[in-house]
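Visitor: Hey, can we go through this one together? I'd like to start with the empty spaces inside it.

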Amino acid sequence: MFKGIVFDLDGTLLDTLRDIRVSINRLLEKDGYPTHTLAEYHKFVGAGIYHLCQSAMPETARDDANVKRYIELFREDYSTNWHDETIPYPGISELLANLQEMGIEMAILSNKPDYFVKPMLDYYFPEIDFIHAQGNVPELPAKPDKESATYVLNALTYKPEQYLFIGDSDIDIFTGHNIGMKSVGVTWGFRTTEELKEAGADWLVYSAQEILEIVEGKR
């Protein structure tokens with residue numbers, strides 16, 4: 001039985017893509033740039049805010065200063081609508097409550113800007129006590145870099161091998177392995193099952209209930 005779990009956030013616990021798309025597309029429209037479909041945003045997210053903004057912008061506009069301008073604009077715009085259409089994935093709220101009741105330690109490591117992570121957790125999962133919640137911060141590289149997990153690892157009670165790292169992308173699978181954890185790929189997120197398999201996920205899950213089975217050693 002595992003002692004704890006480190007979760008990714010977007011695409012794993014919360015379906016955030018529609019609100020992200022609305023904000024970025026709104027910024028693109030103001031500048032007269034082409035907008036993108038929801039399917040295209042599946043490919044843009046996961047590697048941090050810089051990559052998101054850069055990917056959404058036309059190639060001719062992707063200079064560093066312009067990308068950084070979009071990051072600030074996104075921060076302002078997204079802060080007004082991140083809760084419009086975002087919802088927890090099916091079974092996630094119940095899963096977190098069950099894990100907490102079982103005494104499983106839980107933490108968050110996301111590539112979402114850190115200033116959004118804690119407000120979203122408080123809004124969607126107010127009854128859950130995460131031992132640590134961290135988004136991408138300027139002083140650390142984004143996942144899957146091992147250094148990105150520095151603060152999370154320092155907050156954990158047990159050894160890394162006693163935790164699962166759970167996420168929806170190859171970045172999350174690599175992150176878990178880089179910090180000595182078994183990695184679980186969730187198939188309901190923003191990336192494909194094939195990507196998770198190729199990244200070397202130790203388990204793939206198709207429902208939140210299956211995570212409980214892995215924690216309990218039943219899979």
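Visitor: What classes of residues line the largest cavity?
Guide: This is a predicted model, and in it that lining has eleven nonpolar, five polar and seven charged residues.

Visitor: And how much space lies in the largest cavity?
Guide: About 240 Å³. The lining is made of 23 residues, and D10, V45, G46, N111 and K112 are the closest to the cavity's centre.

Visitor: Which elements give two or more residues to that lining?
Guide: Those are α3, α4, β4 (105-113) and α8 (170-178). The one that gives the most is β4, with four residues.

Visitor: How many cavities of 30 Å³ or more does the count come to?
Guide: Two. The second largest holds about 40 Å³ of space.

Visitor: OK, what lines the second largest cavity?
Guide: From β4 and onward you have L109, S110 and N111, then Q134, G135, N136 and V137, and finally L140, P141, A142, K143 and S148. Two elements, β4 and β5, each give two or more residues to this lining. By class, five residues of the lining are nonpolar, six are polar and one is charged.

Visitor: You listed K143. What kind of peptide bond runs from K143 to P144, cis or trans?
Guide: That bond is cis, with omega near 10°. As for where to look, P144 is in the loop between β5 (132-136) and α7 (150-155).

Visitor: Switching to pockets now. What volume does the largest pocket have?
Guide: About 220 Å³. It is lined by 14 residues, and I49, Y115, N136, V137 and P138 are the closest to its centre.

Visitor: Which helices supply at least two residues each to that pocket's lining?
Guide: α3, α4 and α6 (114-124) each do. Sorted by class, the pocket lining has ten nonpolar, two polar and two charged residues.

Visitor: α3 and α4 again! How do the axes of those two helices cross?
Guide: Helix α3 covers residues 49-56 and helix α4 covers residues 64-78. Their axes come within 9 Å and cross at roughly 110°, so the two helices are roughly perpendicular to each other.

Visitor: Is that crossing left-handed or right-handed?
Guide: The crossing of α3 and α4 is right-handed.

Visitor: Which residues make the contact?
Guide: On the α3 side they are I49, Y50, L52, C53 and Q54, and on the α4 side D64, V67, K68, Y70, I71 and F74. Split by class, the contact has eight nonpolar residues, one polar and two charged.

Visitor: What about α1 and α3, at what angle do they pack?
Guide: Helix α1 (residues 17-30) packs with α3 at an angle of about 50°, and their axes are 11 Å apart. That angle makes α1 oblique to α3. This crossing is right-handed.

Visitor: And who makes the contact of α1 with α3?
Guide: I20, I24 and L28 come from α1, while L52, C53 and A56 come from α3. The residues of this contact divide into six nonpolar, no polar and no charged.

Visitor: One last thing. Why do you keep giving an angle and a distance?
Guide: Because two packed helices are described by the angle between their axes and the distance between the axes.

Definitions and conventions:
Residues numbered from 1 in each chain as written. Predicted model: local features only at pLDDT ≥ 70, side-chain atom pairs only at ≥ 80, totals over all residues. Heavy atoms only, no water. Axes fitted to C-alpha atoms, helices over the stretch in contact; angles between N-to-C directions. Parallel < 35°, antiparallel > 145°, perpendicular 65-115°, else oblique. Left-handed = near helix turned anticlockwise from the far one by under 90°. Contact = heavy atoms within 4.5 Å. Nonpolar A, V, L, I, M, F, W, Y, C, P; charged D, E, K, R; others polar. 1 Å grid on protein atoms, 1.4 Å probe; cavity = no way out; pocket = protein on both sides within 12 Å on 5 of 7 lines; lining within 4 Å. Points joined across faces, edges and corners; volume = space filled by probe spheres on them.
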